[in-house]
Amino acid sequence: EAVARPPVARRIFTATSAEVPFSVRIYRASGSPAALSDFYDRTMAASGWRRVPSGGAQGERLAYTKGMAVTFVSLTAEGPTTLVATTESDRGSATDK
């Protein structure tokens, strides 16, 4: 299953390949990194994902696991918006949202 698209966001980049087992999506979203971190914690937990330590500053780099799949979410403030980059290891079940 694909990682949720952030609310009030525009996708600006998608990369997938049959040769690699992951996908990358980048969005420009309304809201702060802290608000988007809360959004991902809620939506990922509701879908059965577990947050794991990521080694980054709180609210800037998030990591989640579900079975053997791993998803990373990076949040970077850019003026009044936030760049959201998702990297999904289980691309085979992910769909482009």
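Two strands count as paired if DSSP finds at least two bridges between them. With that in hand, let's walk through this predicted model, starting with one such pair. Strand S2, residues 23-30, and strand S6, residues 81-88, pair in the antiparallel sense over 8 bridges. If you look along this pair, you will find Val24 opposite Thr87 in S6.

Now step back to the whole chain. Its secondary structure comes to 1 helix and 6 strands, and from the N terminus on the elements run β-β-α-β-β-β-β. The strands come together in an open sheet of 6, with antiparallel pairing and the order S1-S2-S6-S5-S4-S3. S1 (9-16) and S3 stand at the edges with a single partner strand each, so one side of each is left without a neighbour in the sheet. On average, neighbouring strands of this sheet are turned by 20° against each other, direction ignored.

Let's follow the sheet in from the S3 edge. Strand S3, residues 50-52, runs antiparallel to strand S4, residues 61-66, and 3 bridges join the two. Here Val52 has Ala63 in S4 as its bridge partner. S4 is also joined to strand S5, residues 69-78, by 6 bridges, again in the antiparallel sense. On this side, the bridge partner of Leu62 is Val73 in S5.

The connection between S4 and S5 is worth a pause. These two strands form a hairpin with 2 residues between them, and Gly67 in the turn has a positive phi of about 65°. Is Gly67 buried or exposed? Its relative accessibility is 74%, and exposed means over 50%, so Gly67 counts as exposed. Gly67 and Trp49 lie 18 residues apart in sequence, while their C-alpha atoms are 8.5 Å apart in space.

For the chain as a whole, 32% of the 97 residues count as buried. The chain exposes about 5,300 Å², with carbon and sulfur atoms supplying 57% of that area. Among contacts with a separation of 6 or more, 48% are between residues 24 or more positions apart.

Finally, how far can you lean on the coordinates? The chain averages a pLDDT of 87, and 87% of the residues score at least 70. Over residues 91-97, however, the pLDDT is below 50, although this stretch has 24 contacts in the model beyond near neighbours in sequence. Where pLDDT is low, the predicted coordinates should not be read in detail.

Definitions and conventions. Residues are numbered from 1 along each chain as its sequence is written. This is a predicted model: local features need pLDDT of at least 70, side-chain atom pairs count only at pLDDT 80 or more; totals for chains, interfaces and linings use all residues. Side-chain values use heavy atoms; hydrogens and water are left out. Helices (H or I, at least four residues) and strands (E, at least two) are DSSP runs, numbered from the N terminus. Axes are lines fitted to C-alpha atoms, for helices over the stretch in contact, and angles run from 0 to 180 degrees between N-to-C directions. pLDDT is the predictor's confidence in each residue, from 0 to 100. Contact means heavy atoms within 4.5 Å. Buried means under 20% relative accessible area, exposed over 50%, partly exposed in between (1.4 Å probe, protein chains only). Accessible areas come from the Shrake-Rupley method with a 1.4 Å probe; for residues, only the protein chains shown count as cover.
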